[in-house]
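User: I'd like to learn how to read the features of a model like this one. Could you walk me through it?
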Amino acid sequence: MTKKVKDRHLKEILNRYEEAKDKGELVYMEQEDFISIAEYYHGQGNEKEAEVVALEAAAMYPGALQPLAFLSRMAMLVKSNLEEARKLAEGISDKSDPEYYYLKAEILIVDNSIDEANQLLERHYYELDEEERADYVIDVAFLFADYDYLEYADKWLKRSLETDSNDYLELKGRIALDRNQYKESESIFKRLVEEDPFNGSYWNKLAASQLMEDHIQDAITSSEYSIAINPDDVEAIINKANGLFRIENYKEAADYFERAAKQCPDDLEVELYVGLSLAKDDRHEEAVKHFDRIIELSPKGSPTQKEAFMHAIYSLAYMGKREEVDTYIDRVLALNPTDDENAILCVFEGFMYLRIKKLSSAKDCFIIAGSKATDSYKIMQRISLAYYECGYDSEAYSNFKRMLVLYKEKEDEIVPYLAMCANLLGERQDYLYYLEMSCRLNPELTKEVLGDFYPAELQPEDYYQYELSKQ
């Protein structure tokens, strides 16, 4: 066994099975035990061994639901073979068991026949006794929720009368989270973790709600509880990584994203955040390696590949590696970039010149960027931030002022940066003027941009009065 098994019964039957296999002997056990072993192997990523165990169970118990359902789901979700999944499902002898209907419906859902799946489950609902319906509606709601069809899940959940049960509340909380009702979701999962503090799934959903509510430290704490329950829980690890990233603890965020990436080597979004965290931590050389991996694994010319190229170019420009920047830009140009992508490339080239103190060359690049862009606001914003990041505060200030004239409707996004530049340049009256506007129009961005100037416990709405009190 490659990993410690905590469940005593599973450990016993797994030992029996592996010892018999080593000796070339058949092992006799209940079909439930065979499937427990198959699920264990599946959880370890050993799909081949999981299938072997399930096939042994199916041979020993012909027509039995559990082995055939397991094999059907493997065919559907691991092999992406719906025809094989249907054939295995039809081999189940007891076609009156609700589990058979869940499996049939799941195959339809995976096949994007959602209404047909719902109709199948509706028909079976009316064939059940009143007592059986209580569990059935919850199980069906969970089935739809697990595939993110939460509108269907909600309709089934509303049939349940067990509104105080943990299953009911969990689904209600998940639906609230999906509908951006974060406060309600957080409240529900707080109640659930109080009742069942060793349920990692509850802690994960609580953390997700807290992240969306901007309760970042609480979300990190919730994730830590889940990780304590299961150190390999990827959802918990990613939640904690996201929380650390949000509080700008990029060093630890990178560590946690890397932990998640090792468990999900094909998840390019996780790989991207490893690179972003490293870049934010000024570890650009390491970051480029992760961006390169995404470039290599992404379909040619895909948005994912282009995004990785852009981040790699930024990091290379930050390091002042002109030849590498030129090479990467040429590679992007070969992918037929859009006008806006071409404009961004020019901004990055200008950024590189700023890093090596060639202001005139940088300005030439920025002029070209402006001429190419269809979204001139975003390009001007990138140019202004490039000036700021490279210590050209006066140029950044002038550019943000120009943006305020050109894009008055975006003033709530611009004035926090104007306030920042005014403060850095010692323009006291301008700073107070833009600070008041910033606090009033966009407190969230104000905190993000100006928060380092004020005590951590101070709310952005109070920054202006705090500043006046210093006079």
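User: Which residues gather in a patch of negative charge on the surface?

Analyst: Happy to help! First, the ground rules: this is a predicted model, where local features need pLDDT of at least 70, side-chain atom pairs count only at pLDDT 80 or more, and totals for chains, interfaces and linings use all residues. Residues are numbered from 1 along each chain as its sequence is written, and side-chain values use heavy atoms, with hydrogens and water left out.

Now the idea: a patch is made of residues with over 30% relative accessible area and no salt bridge, with like charges joined within 9 Å and nonpolar side chains (Val, Leu, Ile, Met, Phe, Trp, Tyr) within 5 Å. Asp and Glu count as negative, Lys and Arg as positive, while His and the chain ends are not counted. Each charge is placed at NZ of Lys, CZ of Arg, CG of Asp or CD of Glu. Here the negative patch consists of Glu99, Asp135, Asp139, Glu162 and Asp167.

User: Where is Glu162 found, and why does Glu162 count as partly exposed?

Analyst: Glu162 lies in the loop between α9 (150-157) and α10 (166-178). Helices here are DSSP runs of H or I with at least four residues, strands are runs of E with at least two, and both are numbered from the N terminus. For exposure, buried means under 20% relative accessible area, exposed means over 50%, and partly exposed is in between (1.4 Å probe, protein chains only). Glu162 is partly exposed because its relative accessibility is 36%.

User: Which residues form a nonpolar patch on the surface?

Analyst: That patch is formed by Tyr388, Leu424 and Phe453, which together have about 250 Å² of accessible area. Such areas come from the Shrake-Rupley method with a 1.4 Å probe, and for residues only the protein chains shown count as cover. Tyr388 sits in helix α22 (residues 376-389) and is partly exposed at 31% relative accessibility.

User: How many salt bridges does the structure hold?

Analyst: The general idea is simple: side chains of opposite charge can pair when their charged atoms come close. The cut-off used is a side-chain nitrogen of Lys or Arg within 4 Å of a carboxyl oxygen of Asp or Glu. The structure holds 26 of these salt bridges.

One of them joins Glu83 and Arg86, at 3.8 Å from N to O. These two are three residues apart in helix α5 (residues 82-90), so about one helical turn separates them. Glu83 is exposed at 56%, whereas Arg86 is partly exposed at 32%.

User: Which distant parts of the chain does the pair of Arg159 and Glu122 link?

Analyst: Their side chains meet in a salt bridge of 2.6 Å, N to O. Arg159 belongs to the loop between α9 and α10 and Glu122 to helix α7 (residues 114-125), 37 residues apart.

User: Is Asp154 buried or exposed?

Analyst: Asp154 is buried, with a relative accessible area of 10%. Its salt-bridge partner Lys158, at 3.4 Å from N to O, is exposed at 62%. Both take part in a network of salt bridges with Glu151 and Arg179.

User: What span does helix α20 reach?

Analyst: The expected span of a helix is 1.5 Å times one less than its number of residues. Helix α20 (residues 339-355), with 17 residues, reaches 25 Å from its first C-alpha to its last, close to the expected 24 Å. Of those 17 residues, 13 are buried. Just after α20, Lys357 takes a positive phi of about 65 degrees.
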